[in-house]
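Please open the structure in your viewer and keep the selection panel at hand. The tour proceeds stop by stop, with a selection to make at each.

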Amino acid sequence: LKPELQINDHPEHQHGHEQSVRIIHKGKPYTIKPGNPVTLSMRPEINAVIFDLDGVITDTSEYHYLAWKQLADEMGYTFSREINEELRGIGRLESLDIILDASGVTLSVEERFNQGELKNSYYKELLKSITPENLLPGIRDFIDELKEHRIRIALASASRNAPEVIKRLGIENDFDVVMDAGAVEKGKPDPEIFVSAAEKLNVEPEFCVGVEDAAAGIMSIKSAGIFSVGIGPAAAEADWAI
Ligand code: G6P
Ligand code: MG
């Protein structure tokens, strides 16, 4: 990207017909006429940042791992750190399906639901220990910096526990919009959660940035037409992987 775009009066336009060009730049219309050069900024603008929660704002992804591990050990399922990486950003029951698949186990609808609830009870027990100390390093300052620059902030989490987690972290009033699994029909990697967050913020996707630690989350951000920032190895496909 060049820092700016200059559209000058082209020599062709100076003789003969008085031609003008109409363009749309960053959502605004411009008419460029011969003799009236227009200078427009091509620098990307950020008006909103949409955060994933688990593994981005706080390390609850480790608690999800511990809760799945407890269930897997009790039930005799195959489970490992490697399988756990696939569960990042994936909904509760879909995560259970991945573990069941790896173990070659099929459950009835009811058993599947009950085991999802059981895992959640282990997870909720671990959540009790969460305090503002559990914010990942730099997050508090980053949120403050965004606010100083009047950049809007949203949460796009696949977790039904997201409202409780942000409350325990003491950041529930920092978000302009909170989207959790209950607010959308389709989970990540579908773009719905990021598209809806941008809509609720009233910011066009091209002026948003999404931050994720999950491969499914990066896919979701990208398909929403949003610039993606990926934290850690699972999110390496991001526009900016850190
Ligand atoms: C997040 C986590 C996943 C978790 C999902 C559902 O996306 O990254 O590991 O499975 O939320 O969480 P829940 O708290 O609703 O079971
Ligand atoms: Mg995550």
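The stops below cover strands, helices, a ligand and two backbone features.

This is a predicted model, in which local features need pLDDT of at least 70, side-chain atom pairs count only at pLDDT 80 or more, and totals for chains, interfaces and linings use all residues. Residues are numbered from 1 along each chain as its sequence is written, chains are lettered from A and ligands numbered from 1 in the order in which they are written, and side-chain values use heavy atoms, with hydrogens and water left out.

**The hairpin.** Select residues 21-25 and 28-32, which are strand 2 and strand 3; they run antiparallel and are joined by 5 bridges. Here helices (H or I, at least four residues) and strands (E, at least two) are DSSP runs, numbered from the N terminus, and two strands pair if DSSP finds at least two bridges between them. Val21 faces Ile32 in strand 3. The two strands form a hairpin with 2 residues between them. Next select Lys26 in that loop: its phi is positive, about 50 degrees, although Lys26 is not a glycine.

**The open sheet.** Turn to the sheet of 6 strands, ordered 7-6-5-8-9-10, with parallel pairing. Its edges are strand 7 (177-179) and strand 10 (240-241), each of which pairs on one side only. Within the sheet, select strand 5 (residues 48-51) and strand 6 (residues 152-156), a parallel pair with 4 bridges. Val49 has Ile153 in strand 6 as its bridge partner.

**A cis peptide.** Select Lys188 and Pro189, joined by a cis peptide bond with omega of about 15 degrees. Pro189 belongs to the loop between strand 7 and helix 8 (192-201).

**Two packed helices.** Display helix 4 (residues 92-103) and helix 5 (residues 109-127), whose axes are 10 Å apart at an angle of about 105 degrees. Axes are lines fitted to C-alpha atoms, for helices over the stretch in contact, and angles run from 0 to 180 degrees between N-to-C directions. Helix 4 is therefore roughly perpendicular to helix 5 (65 to 115 degrees counts as such). Among the residues in contact (heavy atoms within 4.5 Å) are Leu93 and Leu96 in helix 4 and Phe113 in helix 5.

**Ligand 1.** Finally, select ligand 1 and the 13 residues around it (a heavy atom within 4 Å); Ile90, Arg92, Ser159, Arg160 and Asn161 come nearest. A polar side-chain atom of Ser159 is 2.6 Å from a ligand 1 oxygen atom. A backbone N or O atom of Gly89 lies 2.9 Å from an oxygen atom of ligand 1.

Key
Angles under 35 degrees count as roughly parallel, over 145 as roughly antiparallel, 65 to 115 as roughly perpendicular and the rest as oblique. A polar contact is a pair of N or O atoms within 3.5 Å; within protein, one must be able to donate a hydrogen and the other to accept it, and residues adjacent in sequence count only if both atoms are side-chain atoms.
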